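This report describes the pockets of a protein model and the way some of its helices pack. Please keep the sequence and the structure in view while reading.

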Amino acid sequence: MTGRVEGKVALVTGAARGLGAAAANMLAREGANVVITDINEEQGRGVADQINETGGSALFVPHDVVERASWENAIGKTLERFGQLDILVNNAGIVITADILETTDEIWRKTMAVNLDSVYLGCQLGIEAMKKQGG
């Protein structure tokens, strides 16, 4: 099953570790050029380096998924490097570690921003980029 996304460009958020890193590696193995984004620059660069060292094509872009400007930058860098965006994996997410009685409004809002607002921003800006290229 290799080559399913040959020549496609995928942007994967939260790709410095866990499911995001696994998705990025799978997409690279299947032939996609992969943009790794995360707030963890060291681990994100490591995932991109690993993909590049094993024959894939990856770019790391620092990315705070709750900021529109950061999305614009990530998509801009994707288009600058690869000329297109075909696949968006909105993987970034966080978990509230406190119980409900200890959770603050600030923790709640941050969690909702990362887990929900980022998907809205990613879809809005990602789909806009895809439509401009005829996708």
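## Pockets and helix packing

Helix H3 (68-82) and helix H4 (105-132) each supply at least two residues of the lining of the second largest pocket. The model is a predicted one. The residues that line this second largest pocket are Glu72, Ile75, Gly76, Leu79, Gly83, Leu125, Glu128, Ala129, Lys132 and Gln133. By class, four of these lining residues are nonpolar, three are polar and three are charged. The space in the second largest pocket is about 170 Å³.

H3 and H4 also pack against each other, at an angle of about 35 degrees and with axes 10 Å apart. Their crossing is right-handed. On the H3 side, the contact is made by Arg68, Trp71, Glu72, Ile75 and Leu79. On the H4 side, it is made by Ser118, Tyr120, Leu121, Gly122, Gln124, Leu125, Gly126 and Ala129. Seven residues of this contact are nonpolar, four are polar and two are charged.

Some names occur in both settings. Glu72, Ile75, Leu79, Leu125 and Ala129 line the second largest pocket, and Glu72, Ile75, Leu79, Leu125 and Ala129 are also part of the contact of H3 with H4.

A further helix pair is H1 (residues 18-29) and H2 (residues 41-53). How do H1 and H2 lie relative to each other? Their axes come within 11 Å and cross at roughly 20 degrees. Angles under 35 degrees count as roughly parallel, and H1 and H2 are therefore roughly parallel to each other. The crossing of H1 and H2 is right-handed. In this contact, Ala21, Ala24, Asn25 and Ala28 of H1 meet Val47, Gln50 and Ile51 of H2. Five of the contact residues are nonpolar, two are polar and none is charged.

The largest pocket has a volume of about 430 Å³. Of the 16 residues that line it, Asp38, Ile39, Ala92, Gly93 and Ile94 are the closest to its centre. The lining of the largest pocket has six nonpolar, six polar and four charged residues.

The table sets out the residue classes for the pockets and the helix contacts.

| Site | Nonpolar | Polar | Charged |
|---|---|---|---|
| Lining of the largest pocket | six residues | six residues | four residues |
| Lining of the second largest pocket | four residues | three residues | three residues |
| Contact of H1 with H2 | five residues | two residues | no residues |
| Contact of H3 with H4 | seven residues | four residues | two residues |

Terms used: Residues are numbered from 1 along each chain as its sequence is written. This is a predicted model: local features need pLDDT of at least 70, side-chain atom pairs count only at pLDDT 80 or more; totals for chains, interfaces and linings use all residues. Side-chain values use heavy atoms; hydrogens and water are left out. On a 1 Å grid over the protein atoms alone, a cavity is a set of points where a 1.4 Å probe fits but cannot get out, and a pocket is an open set with protein on both sides within 12 Å along at least five of seven lines; lining residues have an atom within 4 Å of a point. Grid points are joined across faces, edges and corners, and a volume is the space filled by probe spheres set on the points. Ala, Val, Leu, Ile, Met, Phe, Trp, Tyr, Cys and Pro count as nonpolar, Asp, Glu, Lys and Arg as charged, and the others, Gly among them, as polar. Helices (H or I, at least four residues) and strands (E, at least two) are DSSP runs, numbered from the N terminus. Axes are lines fitted to C-alpha atoms, for helices over the stretch in contact, and angles run from 0 to 180 degrees between N-to-C directions. Angles under 35 degrees count as roughly parallel, over 145 as roughly antiparallel, 65 to 115 as roughly perpendicular and the rest as oblique. A crossing is left-handed if the near helix is turned anticlockwise from the far one by less than a right angle, and right-handed if clockwise. Contact means heavy atoms within 4.5 Å.
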